[in-house]
Every structure is written in C-alpha cells, then in structure tokens.
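Work through the exercises below with the sequence and the model at hand, and try each task before reading its solution.

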Amino acid sequence: MQQQEIHDFLITFFEANDCEVLENAPSHITVQLTIEMDKELMNRPFYWHYLEKTSGIPNPAQITFITDPEQAPPNMKGERIHFGSPRLHQIIESTKRLAGYTRLFEDTLPSNGRHNPLFPWLTLNVKISYQCDRKKDTFMSVGLNLISGEIMEGFHNRVLPVKVTPKIPDYSFTLSPLIMPKSGLARLDTYIRTSFENDDHSWAEEAMERWQNDLNLLEHFYKDMDEKSESYFTEKQALQAQYEPNILISIINGGLFYLSDRALG
Amino acid sequence: MKINISFSSDWNDEFLQKMENDGPWGNWELYKLAVQMEENLIIPDFEGLQAPKHLPQLTPLPHQLEAAKQVVEKMNGKAILADEVGLGKTIEAGLILKEYMIRGLVKKVLILVPASLVSQWAFELNTKFHIPAVVQRKSYVWESCDVVISSIDTAKRAPHRDIIFNQQYDFIIIDEAHKLKNNKTKNYEFVQNLKKKFCLLLTATPIQNKVEEIFHLVSLLKPGHLGNATLFSEKYKGKGRNVIEDEHLKELVNTVMIRNRRADTGIEWTKRQVETIIIEFSPTEQALYDAVSKFKPISDGSKGSSFSALTLQREACSSREAVFYTLKNMKAKYEQPSHDFLAKLDELFEKVNETEQNSKAEKALELIKKIDDKVIIFTEYRATQLYLQWYLQQNGISSVPFRGGFKRGKKDWMRELFQKQIQVLIATEAGGEGINLQFCHHLINFDLPWNPMRLEQRIGRIHRLGQEEDVMIYNFATKNTVEEHILKLLYEKIHLFEKVIGELDDILTKLDITNIEEYLIDVVGESRTEGEMKIKMDNFSSMIQFAQTMKEGEIHAATGNS
C-alpha cells in the first residue's frame with residue numbers, strides 16, 4: 001500500500017467523520033478531532049470521564065500524521081503513519097466498525113415525469129480465509145436482487161460508480177422485496193459456500209499430511225510409556241491447533257441498496 | 001475432502017436488528033473505505049512474507065529474511081534458531097512472530113527469556129516490530145495481555161505456572177534455549193508441558209557438550225523427530241559432539257534448525273583494534289606484589305595455597321583495595337588464627353597502607369581523557385570498581401557502575417545513563433546475557449579474566465551487529481607479573497582479541513576443556529620454574545591453534561544448511 005493511498009485514506013476518513021482537516025500538505029496532515037473521534041481514537045477514557053463529571057469544557061485533540069517523513073519539515077512533530085503502523089490499523093478497525101452496515105438509494109432524476117421504481121439489493125462483502133498452519137484470503141462481493149432472486153458477483157465494484165444517497169430521493173419509490181432479508185442472507189450464505197466448493201483444496205490435504213506425520217512421530221516418542229503423560233495430550237492438541245484445515249468466512253460489511261433497473265448496467 | 005467452515009452469524013443478527021429499527025446506517029464514504037482497506041489487507045498467497053511490508057523502518061539482513069521464510073514455509077512454524085552470536089536471532093524471531101500475527105494465525109504469545117533481557121525484548125518488539133509486548137510484572141498480565149514477556153524462573157513458579165497452563169497460547173518463544181538441554185530440570189519439564197502450536201527456540205550453542213542435548217532440545221519442539229529417548233541413546237550415546245557429523249542425524253536436525261554462520265552471511269564486521277599497554281609498578285606497588293607473591297597462608301603445599309597466592313597476585317595487579325578486601329576476608333575466616341599467620345597478614349596490611357598510587361588507574365585516566373568519548377572499563381574486582389569510580393570522580397570524570405547482581409530496572413537505568421550522559425561505565429561482570437552497548441566502541445580491560453570466554457563476552461557487549469565503528473580494545477597488563485604471562489603467553493598467541501565473536505566458543509567446546517580457568521591456575525601456580533610454565537602454556541596455546549585450523553578446514557568443507 002502506497003503512502004499516497006494512506007494519505008488519501010486518512011483525509012477521506014476524517015472528512016467522513018466530520019473532523020476538520022486543518023492542514024493538508026503532501027507530506028503530512030493535521031486534523032482537529034471531534035469529541036466522538038477523540039473518544040474513538042485517543043484512548044483516554046479517564047479524561048472524558050473526568051470532564052463529564054466536572055462539566056468542563058471539552059478540548060478534543062489535534063493530531064498531525066506524517067505520511068512522507070522525507071518531505072516533511074525537519075522539526076515537524078507528529079505521528080509517522082505507514083502500512084503496519086498500529087495507528088493505521090486502529091483507524092481501519094474503526095472504519096469497519098462505523099461502516100459495517102449501510103442502506104442507500106440510487107440518486108436518480110425522474111424520467112419522463114414518471115416515478116422511478118428502485119429494486120432492493122442485499123449485498124455482502126466477505127473475506128474467505130483458507131487456514132491451517134498457513135493462511136490465505138480471498139475477497140468476494142455478492143449482491144442478491146430481493147425481487148428476482150438474481151445473484152451478482154463483484155457487486156461492490158458494480159455499485160461503486162452509482163450515485164447514491166442515504167435518503168430516498170423525490171420521485172423515486174422502493175419496490176417491496178419478495179425475498180425477506182433473512183432468507184436473502186441464507187441464499188447468499190449458500191452461494192458463498194458453493195463458490196469455493198470446487199476450488200483446489202490440495203492445501204488442506206497437504207496440511208492433513210503434515211499433521212499425520214507429526215502425529216506419527218509423537219506416537220513413536222511416547223511409545224514406551226504405558227500411561228501417557230499429560231504432555232502427550234497437550235502436544236496432540238497443539239498439533240490439531242497447528243494443522244487442522246479450516247475455512248473462515250468473515251463479513252467485512254454489507255447492507256441494502258435500492259437501485260433502478262439501469263443502475264448496474 | 002470435508003473441511004470445517006466457520007462462520008459467525010453476529011453480522012446477520014445485527015443486520016436484521018437494524019432492519020427492524022430502520023438504522024442507524026453507515027456512511028457510504030466510510031463503507032467504501034472499509035472495503036478498500038480490507039482489500040489491501042487481504043493476503044492472497046500461502047507463501048511469501050508479509051511482515052517486511054508492514055515494517056518500512058526495519059531493514060532485515062538477507063539471512064534473516066531467508067530464515068523467517070524458511071520457518072514459515074518449510075518448518076511449519078516450529079524451529080530452533082541457532083545462528084552464531086550476534087547475527088540477530090531476535091530480528092528473525094520478531095519477523096516470524098509478526099508474520100503470523102499479520103496473517104491472523106497468532107494472537108496469544110508467550111516469550112520466555114533470561115531476566116536480564118526481558119526489557120530489551122519488550123523494547124525491540126514494540127519499537128522495531130510494532131508488537132505490543134508487555135513485561136509480566138503483575139499476575140493479571142498473563143490473562144489480560146496478548147503478548148507477554150517473562151523469565152522462565154518467574155513463569156514456572158506458583159501461582160504463575162497454573163495461570164499459564166490455562167492460557168491458550170498460539171506462539172511460544174524461548175530465548176537462550178540451551179539452558180533447556182537437560183531434560184531432568186524443572187525448567188525443561190515446564191516448557192515440555194506448554195502447549196506449543198508455533199514455537200521458536202533461540203540459542204547460539206545448540207550443542208555444548210553432549211549429543212543428548214540436541215535430542216532434548218528437538219524433542220521439546222517436535223517430540224519424536226529424533227526418535228524416542230531409548231532408541232536415540234542406543235544409537236548415539238557417548239559419541240560426543242562429533243555425532244553431529246553423522247549425515248542422517250544432521251539432515252534430520254537441519255529440518256528443524258537454522259544455523260547461519262558469520263562467514264556465510266557476507267556481513268562486513270567492523271574491525272577489532274587491540275592495543276596492549278604494559279604498565280610498570282611504582283616501587284610501593286611492586287613491594288606489595290612481591291609481598292603477596294611470597295605469602296603462603298597455609299603452607300602445606302596444597303592446591304588451595306597456590307590458589308590464594310595467585311588470587312592475591314592478580315589482585316595486586318588491579319588495586320590495593322582488591323588485595324585489602326581479600327586479606328580482610330582471610331582474617332575473618334579463621335576463628336583462631338595462629339600468631340604467625342596474623343603477623344604475616346599484618347605485614348601485608350602494612351604494605352597495602354604503604355601503597356601510594358595506582359599506576360593503572362593513572363594510565364586509565366590519561367587514556368580516557370585522550371579518547372574523549374564513551375569508554376567501558378572492565379575489572380574483575382568490585383573493590384577496584386569502587387576505587388576507580390572514586391578516583392575518576394576526583395579527577396572530574398563521572399562514571400556509572402554495572403554489576404551482574406543489579407536488578408533488571410537498575411541495569412536498564414545504568415545503561416541509559418551511560419548512553420545519554422555519562423562518559424564511563426565501570427563493569428565487573430560481563431555476563432553472557434548482559435547488556436548491549438554497541439553505541440560505545442572503546443573498551444579497557446583493566447585486568448584480565450583467565451577464562452577466554454569471559455573476555456570474549458566482554459568484547460561481545462560492544463562488538464556486535466549495530467556497531468558502526470572499529471572497536472578499540474586496550475589491555476592493561478603490569479610488567480613482570482602473572483598478568484603479563486597470561487597476556488603474552490596465551491592471549492596474544494591465540495590471537496584471541498582479533499577473533500570474531502563466537503568463533504572461540506566453538507573452538508573451546510571442541511577441545512572439551514570445561515574449566516580453562518582451573519587449568520591455567522594449575523599451570524601458573526604449580527609450575528616450579530618459569531621455564532616449565534612457558535612450556536605448559538605453549539602446549540596449551542598450540543592445542544587451541546590446532547583446533548582453530550581444524551575448524552577452518554571444516555568451514556571450507558561444510559555443506560552447511562544455510
């Protein structure tokens with residue numbers, strides 16, 4: 001991830017959270033946090049607790065992030081932020097928490113003076129991880145049309161260019177879903193699970209083999225022992241934790257989009 | 001094949017809840033950002049290292065990256081890191097740990113290191129790797145913190161022991177793991193009973209004496225990898241260290257152990273420049289030395305008597321204070337000392353009192369002023385340490401003391417003072433696991449230890465990875481004394497001071513000399529004439545030289561595993 005990308009990310013993040021960007025230089029940014037963001041990021045509950053008890057004047061922090069230390073003024077005071085820095089990951093976590101669920105409407109103009117019908121789409125962005133003693137992830141975005149039942153892959157990228165708004169626009173109306181959200185979620189779940197069924201799972205077979213190998217060694221090591229010691233059972237559990245193949249599905253975010261029939265092209 | 005699928009329905013539940021309450025809903029900009037950032041964090045391959053991308057301020061050396069990759073890809077996260085001293089095992093361990101944490105395979109971590117290294121580990125993991133490692137000081141830390149550093153000695157004791165066994169650790173690191181070579185110890189038993197999903201054992205000396213040591217070490221990591229105890233000892237017992245030449249065993253060990261040698265890493269080490277400074281006694285100092293040389297506390301000709309005479313002689317080369325301290329102890333030791341003995345002692349006390357100056361200290365002062373930079377002085381004796389501190393103070397030079405017996409916090413503090421404001425650090429004990437002082441490159445050996453390993457450890461404090469300057473070593477030896485003999489006859493002959501770190505270690509273990517110091521005392525103390533001593537010393541140094549050439553040949557021939 002490039003520093004420029006991080007810089008842009010920070011700007012978008014703070015603006016979206018109503019924090020004023022006091023300075024936006026190529027090498028660094030300074031932002032004035034709101035009270036909410038101070039509580040979210042600065043980790044000083046005692047200060048806020050004290051302030052609320054004494055009804056003092058809140059003084060949320062200003063932070064400077066240095067995104068390009070080489071270009072930054074030499075005496076610049078601020079936090080260096082880079083991919084892997086704890087602060088960046090804190091902000092990413094915070095982003096995910098604040099935007100786990102959304103509901104948006106396509107912002108369209110009325111055509112021919114008629115009211116626009118908007119179709120409900122249920123969408124999920126998920127991370128699928130193959131995990132044994134190693135791990136790899138794939139990203140998947142799916143959308144389900146709650147009227148037709150159509151399922152579309154790569155939904156997120158398709159919806160990105162669409163102009164959306166949190167309030168239903170004038171001259172638009174939403175169609176009621178034929179598929180209830182709950183069963184919609186179940187359909188998407190099934191779809192996602194089937195998607196990797198036919199994937200190459202030699203990784204899991206190989207992990208099982210490594211597991212079996214180590215198990216054989218373990219048995220051999222404790223062979224002479226009539227009554228197995230506790231460490232034998234601990235080791236056995238450790239091997240399971242180390243090697244057992246697992247597929248994890250974790251939802252990044254998702255929600256409902258009401259879109260016209262032209263929106264997704 | 002059927003693979004477990006885990007999925008948490010929390011998201012679904014909350015979503016349906018929000019549907020019912022009509023919100024609140026997340027902002028579109030943040031929603032897009034969350035996806036964008038998560039896509040960045042996706043790890044598309046099982047292979048390769050992610051950690052370096054997360055650590056732009058760290059520049060690992062090629063052999064360190066290679067080691068990390070090998071542990072993750074080939075060794076399934078269980079390995080013995082056995083690089084020679086000073087090649088950065090901590091960096092390798094940090095990289096591996098970071099990799100697993102980034103990949104989300106590790107959360108709960110236990111790091112067991114010698115007490116003196118606890119804060120250093122915490123500092124390095126936090127600053128170099130952004131791993132929030134916490135030093136265990138209160139017992140709640142075990143449960144409430146994810147990455148905890150402690151000494152084994154603390155961890156194995158109640159109540160910690162039981163708390164630790166109840167934690168589900170994903171990753172365990174043990175530094176100075178050669179201390180676990182004996183499977184009969186409490187420490188070994190403790191580590192054996194830990195649940196080791198991923199595990200790193202760090203040691204510079206995987207085998208010190210017996211081949212069983214490597215068996216016990218590997219069996220901690222991967223029980224059964226080298227067979228079980230009965231079979232192993234049938235096959236290899238009593239064959240000593242050489243058994244490691246056994247191809248089959250070597251191959252097996254190499255699948256769980258990484259050992260980089262200095263010669264293979266291609267790192268340019270800064271040089272060691274050694275200067276021997278011969279000092280002449282003042283007349284009163286000479287008188288004291290001569291007096292203690294004649295002194296035989298127990299005149300039965302046993303080893304003990306030559307031992308104490310030698311001790312006093314060595315101390316006289318250091319400071320009168322050191323002599324005084326020992327004499328005082330001798331006097332206190334006997335309940336009813338003979339008249340004769342007391343008279344002799346008093347005579348010596350007299351000599352101590354008459355000693356007017358310390359020629360070495362004067363030389364040291366002169367040198368420190370000339371160097372005009374940070375200097376470490378090593379001495380064998382606490383009395384000398386105290387005296388030197390006083391003496392330098394009198395001459396307007398501030399110094400801090402350092403001793404093995406200091407508590408961890410005090411050691412850190414002294415190191416910090418020395419680094420930030422004080423010119424001189426006076427240490428009595430190098431300690432194999434002491435502090436790292438690579439910000440300093442002048443070292444004065446005020447007196448010489450008789451065990452080359454101790455000397456090596458002294459130098460190792462400053463001549464290590466991270467040292468950017470050539471290291472200057474000044475050896476003080478007093479003319480016509482035992483000290484000069486040791487320096488001239490032994491250390492200079494085996495080129496001890498020019499050796500790179502760790503080499504000597506290998507050589508001495510090969511020779512199987514367990515107690516060099518005792519051997520030397522024997523040579524120096526029991527030789528009837530100077531000629532006899534010279535011959536014995538010569539033999540000894542040739543032996544070391546021989547082992548040295550053997551080792552060099554071996555390096556060339558070695559196929560190695562790195």
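Domain bounds, as used here, come from an automatic or database domain assignment. This is a predicted model, in which local features need pLDDT of at least 70 and side-chain atom pairs count only at pLDDT 80 or more, while totals for chains, interfaces and linings use all residues. Residues are numbered from 1 along each chain as its sequence is written, and chains are lettered from A and ligands numbered from 1 in the order in which they are written.

**Exercise 1. Domains**

Task: state how each chain is divided, and find how far apart the C-alpha centres of domain 2 and domain 3 of chain A lie.

Solution. Begin with chain A, for which the assignment gives domain 1 (3-98), domain 2 (101-199 + 247-259) and domain 3 (202-244). The C-alpha centres of domain 2 and domain 3 of chain A are 43 Å apart. Next take chain B, which is divided into domain 1 (51-265), domain 2 (272-278 + 368-379 + 389-557) and domain 3 (279-354); between the C-alpha centres of domain 1 and domain 3 of chain B the distance is 48 Å.

**Exercise 2. The contact between the chains**

Task: describe which residues form the contact and which strands pair across it.

Solution. Two residues are in contact if their C-beta atoms, placed from the backbone, lie within 7 Å. On this criterion chain A contributes 66 residues and chain B contributes 56 residues. The chain A side divides into 29 nonpolar, 20 polar and 17 charged residues, where Ala, Val, Leu, Ile, Met, Phe, Trp, Tyr, Cys and Pro count as nonpolar, Asp, Glu, Lys and Arg as charged, and the others, Gly among them, as polar.

For the strands, note that helices (H or I, at least four residues) and strands (E, at least two) are DSSP runs, numbered from the N terminus, and that two strands pair if DSSP finds at least two bridges between them. Strand β11 (residues 246-259) of chain A pairs in the parallel sense with strand β1 (residues 4-7) of chain B, over four bridges. Within that pairing, A:I249 has B:F7 as its bridge partner.

**Exercise 3. A helix covered by the other chain**

Task: check the length of helix α2 (residues 28-41) of chain B, then say which of its residues are buried and what covers them.

Solution. The expected span of a helix is 1.5 Å times one less than its number of residues. The 14 residues of α2(B) should therefore span 20 Å, which agrees with the 20 Å between its end C-alpha atoms. A residue is buried if 20 or more other C-beta atoms lie within 10 Å of its own, exposed if 12 or fewer, and partly exposed in between, with C-beta atoms placed from the backbone. The buried residues of α2(B) are B:L30, B:Y31, B:L33, B:A34, B:V35, B:M37 and B:E38. Their cover includes α1 (3-16), α4 (86-98), β5 (101-106), β6 (116-131), α5 (155-159) and β11 of chain A.

**Exercise 4. The seven-stranded sheet of chain B**

Task: give the strand order and the edges of the open sheet of seven strands in chain B, and place helix α5 against the sheet.

Solution. The order is β4-β5-β3-β6-β7-β2-β8 (chain B), with parallel pairing. At the edges are β4 (133-135) and β8 (257-258) of chain B, each pairing on one side only. Helix α5 (residues 89-102) of chain B packs on the sheet and touches β2, β3 (109-112), β6 (171-174) and β7 (198-202) of chain B, while its direction makes about 175 degrees with that of β7(B); axes are lines fitted to C-alpha atoms, for helices over the stretch in contact, and angles run from 0 to 180 degrees between N-to-C directions. Strand β2 (residues 78-81) of chain B runs parallel to β8(B), joined by two bridges, and B:L81 has B:I258 as its bridge partner.

**Exercise 5. One residue in that sheet**

Task: decide whether B:I173 is buried or exposed, and list its contacts.

Solution. B:I173 belongs to strand β6 of chain B. It counts as buried because it has 25 C-beta neighbours inside 10 Å. Leaving aside neighbours within four places in sequence, B:I173 is in contact with B:A93, B:L97, B:I111 and B:L200. The C-alpha atoms of B:I173 and B:L112 are separated by 6.1 Å, although these residues are 61 residues apart along the chain.
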